[in-house]
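Visitor: Please give me a close look at one part of this model, chain B, and then work outwards to what surrounds it. I'd like the cut-offs spelled out as you go.

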Amino acid sequence: MPDPQRICVIGGGAAGISAGSMAKRTNPDATVTVCTEFEDVAYSPCGIPYVLAREIPDFERLFLAGPEQYAEAGIDLRRETVVSEVDAQAQTLVANGETLSWDRLIICTGFNYLLPDLPGADLDGVTFVKNIRRAIELDTTLDGVKRAVVLESTPLGVEMLAALAHRGIETHLVDSGSWLLSQVADPDIAEPVQKSLESLGVTLHFGVEAEAFEGANGALERVTTNHGPIDADLCIVATHKEPETTIARSIGVKVGSTGGIEVNGQMETSLEGVYAAGDAVEVPQGFTGLAVQGLTGSHAMQQGRVAGANAGGGSRTYDPVYVPWGMVGGTVQIGGASFGEHLAESLGIPHIVARANGISRARYYPGVQQVIVKLLAEPGTGKLIGAQMVGGEGVKERADFLAFALKRGATLEDLAFMENVYSPPIGALYEPMSVAAQNGMAQL
Amino acid sequence: MSAHDDIPEAVRGYFGHDKVSLFGEGGMPAAPPAPPGSPARKQGEAARADALAKAGTPGERPGSRPTARAPRARPGRWFRDHGEQALYEDTMRRLVRRYGGVPPAREAGWFWRDVFVPLYRAMPWRVRRPAVNVGSSARGWRRGGGSA
């Protein structure tokens, strides 16, 4: 089969841009067109909460490239371009009224926030953080905000709690779950982050359900909950990321049990020649095979690279995921890989829990930080199932390492006898992961 | 009093959580914006100017309401959503008893709470393991080394 000559990408986020770039790199002779409904591409949306927090001085720093650079690379980037129809039989799409033909299509349509089914959700002040220009507008609004509510402690919600508190805004979290980040973290691991946020002045309301947004003259004045009202000029809604699959479904692409587009290891959908990547797709979790969706920007970028390479005529494979994650909550780092105790117990995966309270450097070295590591392993074999960590530093590196160890089928014994860096300013003699594994081996 | 008050100021800037702290204290200076006149800088400045001009004015703009209503789920998703939520809530209650805290606000309906969850929990893992994957799109993928 000759290499495809016309490749269209719908979506200009991390997945779409990396897919377009990789398709062009794989097949320089191809015409690559990227359509995005937004004004901007090639910026870091993950940096938005930190500009709003005033930790980063301006939004301009989040931009990595301009549209001219894509033109120079031979990519036809079309901004503020809405793809309204796709015809899979004729292999065409309609973008801002113009019909484009394609040999390969890559769908990277991302996500939308699930709108809470609550009265008053259309009031001014009920706000979503996603697009950079709207975030710049929000930044000007925050100067006049006295009280704010964040709905749900998803990772974005936690970042926004700290950002709002740092702006001097009276900030409340309303979360129906029992602890912070309950979809991904365990209560014992989340606790130091909760304390850190409280020390910044954030009021945390767990086990509380929002019931309505109330206001006057079209503007939000309070969020009512099953535990009473909370006065608020602003509510950041940080709910579930619902995959945007309207176009995919319109051409008969199969959607899976998470609502995300089903893809194979080549990121190809159920329709031949149609690929997908990023927040719009679901991929298997490595340990169970269970489909998962709504991962991180780095997952979106790597999926886009695989989709783009294959759409360009190359041969790349994306593996099941072990989902290393990490973030700063307040002033504490939290992270993990694969399953925590909450998820493992929910799914009923047999497991033992191994813990260690370790340190990040030599105990005598200035700035030494506590690092709590919790490992989950299969009873009997000791094969790792997942990990969670919280501490002052070194969480990200351990999460990355443990995700790789999980992928390679590492056991507690492997970790208990692992080699580790010992250098007083950057690592203690006893690596906390190794100590946790040693503690866990006693339970096998 | 911070645990780091006794650390010399010069050292704080180079090591420790301050290096990646939320509010930018210490550490290496962050990268400046792209050079003046560069495509990235121009795009950033244009974005800022446009957004500031529109701030406070009415009108729908890209990304101003990036929301979706809960879709009418197909049976596979409907079952997974409800089953998963019921199991999460049940586990949350167990962990709250173990670690302390408040119970979750939501409670699954009687079928999910009183029938599905106990039945699911009663199944041995060798039965639950394939049951978890019924209807999953994961078949045909390369398996990782950590597969159960």
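Guide: Let's start with confidence: pLDDT is the predictor's own confidence in each residue, on a scale from 0 to 100. You're looking at a predicted model, where local features need pLDDT of at least 70 and side-chain atom pairs count only at pLDDT 80 or more, while totals for chains, interfaces and linings use all residues. Residues are numbered from 1 along each chain as its sequence is written, and chains are lettered from A and ligands numbered from 1 in the order in which they are written.

For chain B the average pLDDT is 77, with 70% of the residues scoring at least 70. Helices and strands here are DSSP runs (H or I with at least four residues for a helix, E with at least two for a strand), numbered from the N terminus. Among the elements of chain B, H4(B) has the highest mean pLDDT, 95, and H1(B) the lowest, 43. Over residues 1–25 of chain B, pLDDT stays under 50, and the model has 41 contacts beyond four places in sequence for that stretch. A contact means that the C-beta atoms of two residues, placed from the backbone, lie within 7 Å. As for the complex, the predictor gives an ipTM of 0.89 and a pTM of 0.91.

Now for the inside of chain B. The axes of H3(B) and H4(B) cross at roughly 85° and come within 10 Å. Axes are lines fitted to C-alpha atoms, for helices over the stretch in contact, and angles between N-to-C directions run from 0 to 180 degrees. Angles under 35 degrees count as roughly parallel, over 145 as roughly antiparallel, 65 to 115 as roughly perpendicular and the rest as oblique. H3(B) and H4(B) are therefore roughly perpendicular to each other. On the H3(B) side, the contact uses His82(B), Gly83(B), Ala86(B), Leu87(B) and Asp90(B), and on the H4(B) side, Trp112(B), Arg113(B), Phe116(B), Val117(B) and Tyr120(B). By type, the residues of this contact split into 6 nonpolar, 2 polar and 2 charged. Ala, Val, Leu, Ile, Met, Phe, Trp, Tyr, Cys and Pro count as nonpolar, Asp, Glu, Lys and Arg as charged, and the others, Gly among them, as polar.

Moving outwards, the contact between the chains takes 77 residues from chain B and 90 residues from chain A. The elements giving two or more residues to chain B's side are H1 (9–12), H2 (39–54), S1 (67–68), H3 (75–99), H4 (110–122) and H5 (125–132) of chain B. H2(B) gives the most, with 13 residues. That side of chain B divides into 37 nonpolar, 22 polar and 18 charged residues.

There's a strand pairing across the chains too; two strands pair if DSSP finds at least two bridges between them. S1(B) and S8(A) (residues 111–114) pair in the parallel sense over 2 bridges, and Thr67(B) in S1(B) has Tyr113(A) opposite.

So much for chain B; what does chain A look like behind it? Chain A is divided into domain 1 (6–44 + 64–111 + 242–311), domain 2 (126–237) and domain 3 (325–441), with bounds from an automatic or database domain assignment. The C-alpha centres of domains 1 and 2 of chain A lie 32 Å apart.

One open sheet of chain A has 5 strands in the order S3-S2-S1-S7-S19, with parallel pairing. S3 (75–78) and S19 (274–276) of chain A stand at the edges with a single partner strand each, so one side of each has no neighbour in the sheet. Neighbouring strands turn by 15° against each other on average, direction ignored. Within the sheet, S1(A) (residues 6–10) and S2(A) (residues 31–35) pair in parallel over 5 bridges, with Val9(A) opposite Val34(A) in S2(A). H1(A) (residues 14–26) lies across S1, S2, S3 and S7 of chain A, at about 175° to S2(A).

Another open sheet of chain A, also 5 strands, runs S22-S23-S26-S25-S24 with antiparallel pairing. Its edge strands, S22 (325–329) and S24 (352–359) of chain A, each pair on one side only. S24(A) and S25(A) (residues 370–377) pair over 8 bridges in the antiparallel sense, and H12(A) (residues 432–441) lies across both, running at about 145° to S24(A).
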